[in-house]
Amino acid sequence: MRRARSAVATKPRGQKRSGASGTPVVASSGSSNSRARRSASKAGSGSPDVRGLHLGEQRERWETFQKRQKLSFEGAAKLLLDTFEYQGLVKHTGGCHCGAVRFEVWASADLHIFDCNCSICKKKQNRHFIVPASRFKLLKGAESITTYTFNTHKAQHTFCKKCGVQSFYTPRSNPGGFGIAPHCLDEGTVRSVVTEEFNGSNWEKAMKEHKTIKNMSKE
């Protein structure tokens, strides 16, 4: 059963898990930024190699692109990777209420939301869309996250220790991905929302009958 909900026009702001708990770890950017600056400096000094890449006839274009965009080598590479690796997707950003937990996720601007009625989802109104772990990045707040599990302990119900908000979690249906709460996204990147009711109160039967949900965390 489906019901369509129009999304509020929502200010654009759009790693993988580490550890047995399923809680992602924030990647440190300090050392990588430092390396990027050194690489950019090396590129401008006349060396044909930029961070191990031989750019050939494209070297001058690359340096010009970096200067125009005011980007480090790593920043330019990230821009190009985001553009081509995630074609058709947009970068959403979001987090908890107090701001201790922040994340970014690449997903469609048109979200497919699951509204589950299992014992815990019913109590906390857990509506979510599912993405592969590779498309999710915790920006900050690893130390502010705690986890609740029960029964099979496959689902990792992660939430902020300070404000109690669950902005994402690891669903039992897709242990290799993340379930993202659409109501915890920043405004500006969601175009539309379609909500599908999932009969989690009879979880095994619902999973067996559903044709797509178990594969939603796959690339």
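Reader: When do two strands pair here?
Author: Two strands pair if DSSP finds at least two bridges between them. Strands are DSSP runs of E with at least two residues, helices are runs of H or I with at least four, and both are numbered from the N terminus.

Reader: And what kind of model is it?
Author: It is a predicted model, where local features need pLDDT of at least 70 and side-chain atom pairs count only at pLDDT 80 or more, while totals for chains, interfaces and linings use all residues. Residues are numbered from 1 along each chain as its sequence is written, and side-chain values use heavy atoms, without hydrogens or water.

Reader: OK, β5. How many bridges join it to β8?
Author: Four, and the two strands run antiparallel. β8 covers residues 136-140. V105 has F136 as its bridge partner there.

Reader: What residue of β4 stands opposite V105?
Author: H92. β4 (residues 90-95) pairs with β5 in the antiparallel sense, over six bridges. The two strands form a hairpin with six residues between them. In the turn, G99 has a positive phi of about 90°.

Reader: Why is β5 largely enclosed?
Author: Five of its six residues, 102-107, are buried, so the rest of the structure largely encloses the strand. Buried means under 20% relative accessible area, exposed means over 50%, and partly exposed is in between (1.4 Å probe, protein chains only).

Reader: Where does R102 fall on that scale?
Author: R102 is partly exposed, at 22% relative accessibility. Its salt bridge partner is D186, with the closest N and O atoms 2.7 Å apart. D186 sits in the loop between β12 and β13 (192-198) and R102 in β5, so the pair ties together parts 84 residues apart in sequence.

Reader: What's the cut-off for a salt bridge?
Author: A side-chain nitrogen of Lys or Arg must lie within 4 Å of a carboxyl oxygen of Asp or Glu. The whole structure has seven.

Reader: Which residue does R59 bridge to?
Author: E63, at 3.3 Å between the closest N and O atoms. The two are four residues apart in helix α2 (residues 59-69), about one helical turn. E63 is buried, at 16% relative accessible area.

Reader: Switching to β7. What does it pair with?
Author: Two bridges join β7 to β6, antiparallel. Four join it to β12 (residues 177-180), also antiparallel. I130 stands opposite G179 in β12.

Reader: Now the voids. How much space lies in the second largest pocket?
Author: About 370 Å³. The closest residues to its centre, of 24 in the lining, are C118, I120, F150, R172 and W203. α4 gives the most to that lining, with three residues.

Reader: How are pocket, cavity and volume defined?
Author: On a 1 Å grid over the protein atoms alone, a cavity is a set of points where a 1.4 Å probe fits but cannot get out. A pocket is an open set with protein on both sides within 12 Å along at least five of seven lines, and lining residues have an atom within 4 Å of a point. Points are joined across faces, edges and corners, and a volume is the space filled by probe spheres set on them.

Reader: How much space lies in the largest cavity?
Author: About 40 Å³. Strand β10 (residues 157-160) gives the largest share of its lining, three residues.
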